[in-house]
Every structure is written in C-alpha cells, then in structure tokens.
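Below is a short briefing on one protein chain. Please look through the structure before reading the points that follow.

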Amino acid sequence: MSDSVKYLLPEDRIPRAWYNLAADLPAPLPPGLHPGTGKPLGPDDLAPIFPMALIAQEVSTEREIEIPEPVRDIYRLWRPSPLVRARRLEKALDTPARIFFKYEGVSPAGSHKPNTAVAQAFYNREAGVRKLSTETGAGQWGSSLAFAGSLFGIEVKVYMVKVSYNQKPYRRALMETYGATCIASPSVETASGRAILAADPDSPGSLGIAISEAVEVAAQNPDTNYALGSVLNHVGIHQSVIGLEAIEQMEMAGFWPDVVIACAGGGSNFAGIAFPFLGKKLREGKEVRVVAVEPAACPTLTRGTYAYDFGDTAHLTPLMKMHTLGSAFVPPGFHAGGLRYHGMAPMVSHARELGLVEARAVHQNPCFEAGLLFARQEGIVPAPESTHAVRAAIDEALAAKLEGKPRTILFNLSGHGHFDMQAYMDYLSGKLEDRDYDAAALSASLDLLPKIAAE
C-alpha cells in the first residue's frame, strides 16, 4: 500500500452533479407541512422566500442534480478538498486503525459551508434577487454566505446568535470584510427579536431565534430572500460534493471506510460526507456505519423527539418532521455555536429512524482534549464543532486498539478553528465547563410541540 498522506483530485474531478439521498431511501421522507392548514407544502408556500430552483431541489427525488457551471467554476477556488491520512495521530494513539479525514477548512471561509452558500447565492442571483437575510451560530455559515454574496453582487444581512456574536468577534469581522451586515440576535430590528428581549432582556439567543428574525425580514420585504445554512434538503444535496469526492479519494487510498463520522448540529456537513456513502450502501450493499456526533448540551438526535416541529422560535417556518428538542429550547452557550440548534435535518432524522444512522453525544471538554491532540499531531486546529468528530474518530481508533483489529475510519473535519481561539484559551486555562441542558426546560419545550406531532 502507498504511504501517502494526502490524496488529491484534479479540478476536473469536481463532481458535475450533486447527490440526493431521497432517491435511494427505502421509505419516502415525510413532507413539510403548512403550519396553518396542516397540509403538505406546495411551491407557492415557499416562493416568498426561496427561488423556485431551490424549491424544486427541496422536494426532488432525482438521484443526481446537475451542478451549474458558474457554481463549479467557483468551487475550483478550493475544491476538490484534500483527503488526508492522519498517520501521526495513528502513531500517537498506537492504534491499528487507519484514520482518514476530509478537510473542508481549505475553503475561503474556512469551512464546508460555502458548498451551499455559493449555490444558493447563484440561484437567487439567477432569480433576480439582490438581498438575502440569514442566521448564523458560530459564524461559519454567515461568513460563507457573505463570501458568496460578494461574488454574485448580493447584499447579505446576518443575524448572529448573541452569545457567539460576543464570543467570536473575528468571525463577525470576516463577514463584514466580505461586505455583509452582522447583527446580534435577538435584536430590536424585528418583532420576533423584540418579543424575545421583552421576555428575557439577557437572552443569549439561539439559532431558532436568529432564524425567526431572518425569516421575518425576508417575508416582509419583497426584495429580500432567505438563505439557510443547514437542515433543509437542498442544503444537504449541495454538501454532497464532500462525500462524492471522498468516495473517489478512498478508492485512491485503497480502502473503504468501516465508519464515517461527522459532527451534527443542523446536519449539513454530516449529510455532505455520509449520504453519498449511505447511497452506496443502499444501492450496492457496501457496508458502512455512519455516526453523527452531537453536543451533550444540545442532544437532538440522542434525546430529542421525532415529531413535526417548527424550525424557528417564533413559528414563522413550515412544520418539518425531525428530531427536535422543541422550538422553545435554548441550549447553554457552549463554544460549538454551530451545533446549538433545537432540531436536526429532516433527512438526517429520517435516516436515523430507518436505522441507517448512529448517534452519540459528547461534552465539550473531551472534545477540546481531542482537538488539542489532533492539532499537536496533524497541525490543524479544528473548529469547536469539528472537535466532536475528532473525539469520535479517536474513540473508534482506541476501540480498534482494544480489539487488536484494524478498522478504517473516515471523518469530516468540517472547518478550522482560527477564529475560535478563545475557546482553546478557555480550555487550556481550565475555564471550560461541561454544561448539561436543563431537563425541566427541555420537558417544557417538548410539551409545546404542535399537536400534529402526536397524530
């Protein structure tokens, strides 16, 4: 076998079509519902905030969706991203496991998020839209949409979860560098933000709250559309370039993964790497485990209920069937801001219900311990979100060591942590706390699930 560290594809191997898991699932995804009528959503219900091209992708069951050439051309700035064999980490762990990671931190914004940001900006530009509103947690998505907006001449307004807005000033500065406006959420700019602040002036914010503000702005302004960085089907479809490239690169390396791992908050980077491998499993019988790793303080897949729920706190979005902690749930302000979301992508949730996805929850201190070990061996400082995947990959490698059997591990390193160094400073100084969610607050939030959830 080769002793290569990096497995690189040329630019002409950037996928020409995105992959859609809906085509291969043994049971169809439950439809999104109109919150007023309880009936399945139609295109007209989504048209006020999304371009028709994205609405069509949202409900598509086609296996392949062609990537427009202008999008592929921009992808060339960083794609194909490298597949790396973590040989130094393997040695440090003294494990017989083979550890590979797909590194999405090479994108201009430093994460996987531009894979869909560029696509969404393109389709909106084609529809004549010149303004987009959105939310962001840790800032990875906000900076990615700001980057994409700058390329397509689109004005971007980002509502950033307040606790992250304060924790990550340089991520906020990056959005502004790309030309976007960044606002701490909840804000006084919207009715939904003002209502939250009236009830809790010290609210740390949440992705659900920030989504409410961004959707409200889009719904009330005919010249503005909304863009979402995770959760929705079309986002997972766009992210499939990660897994499609990884399949080809694993073939170059001469191995098929026994397990594919990614962190999971809304589900975008997990879907991006895992769904193409699941497609191979469903179509060709190629066995693979896929593991979603989430924060113990916001354990959507491991503690949430599979039910219809709103995607936002103010109930401005359609109802989606997903694993949820309830739209009123506000997680504690731990550092992995991109994973602080009350719901999970409907497609990821559905795959979990079908037994295709495993899930585990971990606290942030063990994650940062893993991130530090990884940085000191492989040189890359992972984003706090990505440390969840690193933790699970190390645990899998240590399990292989105990068993004395090799296994091939692939994980998605979804972004770098260059703008998250305060989190590492807190960990190194012993200030990082492993905070659990409030069980009473979770129970109260789940009690508020829409009645259709019990039907």
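The points below go through two sheets, the helices that lie across them, one helix pair and three single residues.

The model is predicted. One of its sheets is an open sheet of seven strands, and another is an open sheet of four strands. A lysine annotated in UniProt, Lys113, lies in the loop that follows strand 5 and leads to helix 5.

**The seven-strand sheet**

- The strands of this open sheet come in the order 1-4-5-15-10-11-14, and the pairing is mixed.
- Strand 1 (6-7) and strand 14 (358-362) are the edge strands, each pairing on one side only.
- Strand 4 (residues 83-85) and strand 5 run antiparallel and are joined by three bridges.
- Within this pair, Leu83 stands opposite Lys102 of strand 5, and Arg85 has Phe100 as its bridge partner in strand 5.
- Strand 5 also pairs with strand 15, here in the parallel sense and over six bridges.
- Phe100 has Leu410 as its bridge partner in strand 15.
- Helix 12 (residues 241-253) lies across strand 1, strand 4, strand 5 and strand 15 (408-413), and runs at about 140° to strand 5.
- Helix 17 (residues 384-403) lies across strand 5, strand 10 (259-263), strand 11 (289-295), strand 14 and strand 15, at about 150° to strand 10.

**Strand 5 in detail**

- In a regular strand, side chains alternate between the two faces of the sheet.
- Arg98, Phe100 and Lys102 point one way from strand 5, while Ile99, Phe101 and Tyr103 point the other way.
- Is strand 5 largely enclosed or left open by the rest of the structure? Six of its six residues are buried, so strand 5 is largely enclosed.

**The four-strand sheet**

- This open sheet has the order 8-7-6-9, with parallel pairing.
- Strand 8 (181-185) and strand 9 (224-226) stand at the edges with a single partner strand each, so one side of each has no neighbour in the sheet.
- On average, neighbouring strands of this sheet are turned by 25° against each other, direction ignored.
- Strand 6 (residues 131-136) and strand 7 (residues 155-161) run parallel and are joined by six bridges.
- Glu135 has Tyr159 as its bridge partner in strand 7.
- Helix 6 (residues 140-152) lies across strand 6 and strand 7, running at about 160° to strand 6.
- Helix 10 (residues 207-220) lies across strand 6, strand 7, strand 8 and strand 9, at about 170° to strand 6.

**A pair of helices**

- Two packed helices are described by the angle between their axes and the distance between the axes.
- For helix 2 (residues 52-59) and helix 5, the angle is about 130° and the axes are 8 Å apart.
- An angle between 115 and 145 degrees counts as oblique, and helix 2 and helix 5 are therefore oblique to each other.
- Ala53, Leu54 and Gln57 of helix 2 meet Gln120, Tyr123 and Asn124 of helix 5.
- The residues of this contact divide into three nonpolar, three polar and no charged.

**The loop between strand 5 and helix 5**

- Lys113 lies in the loop between strand 5 (98-103) and helix 5 (114-126).
- An unreviewed UniProt entry annotates Lys113 as "modified residue: N6-(pyridoxal phosphate)lysine".
- Lys113 counts as buried because its relative accessibility is 12%, and the cut-off for buried is under 20%.
- Apart from its neighbours within four places in sequence, Lys113 is in contact with Gln140, Trp141, Ser144, Gly229, Ser230, Gln239 and Ser268.
- Pro108 lies in the loop between strand 5 and helix 5.
- At 36% relative accessibility, Pro108 counts as partly exposed.
- Leaving out neighbours within four places in sequence, Pro108 is in contact with Trp78, Phe147 and Tyr178.
- Pro108 and Glu396 are 288 residues apart along the chain, and their C-alpha atoms are separated by 31 Å.

**His350**

- His350 is found in helix 15 (residues 346-353).
- Is His350 buried or exposed? With a relative accessible area of 6%, His350 is buried.
- Neighbours within four places in sequence aside, His350 is in contact with Leu25, Ala27, Pro28, Leu29, Pro30 and Tyr306.

How values were computed: Residues are numbered from 1 along each chain as its sequence is written. This is a predicted model: local features need pLDDT of at least 70, side-chain atom pairs count only at pLDDT 80 or more; totals for chains, interfaces and linings use all residues. Side-chain values use heavy atoms; hydrogens and water are left out. UniProt positions are given in the numbering used here, feature names are shortened, and annotations may be inferred rather than shown by experiment. Helices (H or I, at least four residues) and strands (E, at least two) are DSSP runs, numbered from the N terminus. Buried means under 20% relative accessible area, exposed over 50%, partly exposed in between (1.4 Å probe, protein chains only). Contact means heavy atoms within 4.5 Å. Two strands pair if DSSP finds at least two bridges between them. Axes are lines fitted to C-alpha atoms, for helices over the stretch in contact, and angles run from 0 to 180 degrees between N-to-C directions. Angles under 35 degrees count as roughly parallel, over 145 as roughly antiparallel, 65 to 115 as roughly perpendicular and the rest as oblique. Ala, Val, Leu, Ile, Met, Phe, Trp, Tyr, Cys and Pro count as nonpolar, Asp, Glu, Lys and Arg as charged, and the others, Gly among them, as polar.
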